[in-house]
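Hi everyone, thanks for making time this morning. I'd like to walk you through one model, so let me put it up on the screen.

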Amino acid sequence: MTWSRLGRRIYLSPYLRTLQNASAGSRCLGSVSEVSSYKSISCNIGFQHYFTSTRQLSRLDQELNTKSFRQYFYSLASVSQNVKSSRATSGVRHFSAHASKEKKSQKMLLYLTGLVFGMVGVTYAAVPLYRRFCQATGYGGTVQRRETVEEKIARHDKEKTVASREIVVQFNADIADGMPWKFIPTQRQIRVKPGESALAFYTAENKSSTPITGVSTYNVTPMKAAVYFNKIQCFCFEEQRLLPGEQIDMPVFFYIDPEIETDPRMDGINNIILSYTFFKVSEE
Amino acid sequence: MPPEKGIFPLDHMHLCDLEKKEYLGCLKTVGHQSEKCRDFSKKYLQCRMEKNLMAKQDLGELGFKERNGETPEGKPTERIDN
């Protein structure tokens, strides 16, 4: 009996020695043998291994004196595996560890589900929040004040902003390939002062023999001036149908923001080109 | 970016052609200066509103205030006679 016990001790001693050396420098010193897995959470995770394994080895030490040789070998084999997955715990301890693990994993599940819902909520909230952020900071070229033209006009009227610069607005008209319309600006240019609403016309004529529906888009050059060019009303983006041979006038009612004069980037800008392009939608 | 007040319905019946011609004629005479022909453009827009080609709104809100004493001639005028 004593020889077998001696043999076991010799087998076990290197493990004990290395672990004790390792745990000597750890932060969580305490009663190793009675430490449960919960208490070891407060330690550095890296040392958890050492602790649970130390616990197991110390338990093994106890087992050595009580259990049989066969059981000892089984316990030893499991210690050499990954400590966390080891099943070499006695009945009661095993159950409590399992129950606490279950509680832990349930807590984790609730936390993760809550996190998922939280993330989805944040995604939905991000849209209006980002918009508000952009308006407040003007980030990415967002127009800072989203006031209507009437409000803008009323504001400048109240402030009695006098515009000094005269800006020449030139008009350009284009048609897409295969569009049998004649589309020209009725006036080549208009001289306008910022802060004055102005009216301009385009003329379109359907030169074909079938009714054609077209839609137009526009752009303003130079691009940086586009921010100050407010279109109050126009004929763009909506399908317009012209009968064969029909000629029609298309008005554009626009307004140049007086703030163009205070912006240093707009210093050399005296010309703005408004360009419309008509595309064919369908032909009957 | 879409226009603020939306799209102008097309004047297929040429109901406001006269006002348009007057406005364009005025522009030609004053070297295409928009502020000198404001009254004509105001008339055109009023015509559109009457004929249901534009949403009715006080034109003062759209920058057509009666600027008495501030017209180029220096006196309140309703029309600019060519």
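**A walk through two chains**

Let's begin with chain B, whose secondary structure comes to two helices and zero strands. Before going further, please keep in mind that what you see is a predicted model. Chain B has 82 residues, and buried ones make up 44% of them. Its exposed surface is about 4,700 Å², with carbon and sulfur atoms supplying 52% of that. If you look at contacts in chain B between residues at least 6 apart in sequence, 52% join residues at least 24 apart.

Leu15(B) gives us an example from this chain. You'll find Leu15(B) in the segment before α1 of chain B. Is Leu15(B) buried or exposed? Neither, quite: its relative accessibility is 41%, so Leu15(B) counts as partly exposed. Leaving out residues up to four places away in sequence, Leu15(B) touches Cys47(B), Lys51(B) and Leu53(B). Arg48(B) is 33 residues from Leu15(B) in sequence, yet their C-alpha atoms are 8.2 Å apart in space.

Now over to chain A, and to its open sheet. Four strands make up this sheet, in the order β2-β4-β8-β6, and the pairing is antiparallel. Which strands stand at the edges? Those are β2 (181-185) and β6 (229-233) of chain A; each has a single partner strand, so one side of each is left without a neighbour in the sheet. On average, and ignoring direction, neighbouring strands here are turned by 30° against each other.

Let me zoom in on one pair in that sheet. Strand β4 of chain A, residues 197-206, is joined by nine bridges to strand β8 of chain A, residues 247-256, and the two run antiparallel. Within this pair, Ala200(A) stands opposite Val252(A) in β8(A). In the loop between β7 (240-242) and β8 of chain A sits Gly245(A). Gly245(A) touches Glu205(A), Asn206(A) and Ser208(A), again not counting residues up to four places away in sequence. Thr210(A) is 35 residues from Gly245(A) along the chain, and their C-alpha atoms are separated by 8.7 Å.

There is another strand pair to show you. Four bridges join strand β1 of chain A, residues 167-175, to β3(A), and these strands are antiparallel too. Val168(A) has Arg191(A) in β3(A) as its bridge partner. In a regular strand, side chains alternate between the two faces of the sheet. You can see that along β3 (residues 189-192) of chain A: Ile190(A) and Val192(A) point to one face and are buried, while Gln189(A) and Arg191(A) point to the other and are not.

So where do the chains meet? Both helices of chain B come into play. Helix α1 of chain B, residues 17-29, lies across β4 and β8 of chain A and runs at about 115° to β4(A). Helix α2 of chain B, residues 38-50, also lies across β4 and β8 of chain A, running at about 60° to β4(A). How many residues does the contact take from each chain? It takes 41 from chain A and 35 from chain B. About 3,300 Å² is buried between chain A and chain B, and carbon and sulfur atoms give 57% of that area. On the chain A side, Glu150(A), Leu199(A) and Gln233(A) supply 19% of the area it buries against chain B, more than any other three residues.

One last stop, in chain A. The unreviewed UniProt entry annotates residues 108-127 of chain A as a "transmembrane region". In the model, that span is 100% helix and 0% strand, and its end C-alpha atoms lie 29 Å apart.

Technical notes. Residues numbered from 1 in each chain as written. Chains lettered and ligands numbered in written order. Predicted model: local features only at pLDDT ≥ 70, side-chain atom pairs only at ≥ 80, totals over all residues. Heavy atoms only, no water. Pairing = 2+ DSSP bridges. Axes fitted to C-alpha atoms, helices over the stretch in contact; angles between N-to-C directions. Contact = heavy atoms within 4.5 Å. UniProt positions renumbered as here; feature names shortened; annotations may be inferred. Buried < 20%, exposed > 50% of the residue type's maximum accessible area, 1.4 Å probe, protein only. Areas by Shrake-Rupley, 256 points an atom, 1.4 Å probe, with all protein chains shown as cover. Buried area = accessible area lost by both parts, 1.4 Å probe.
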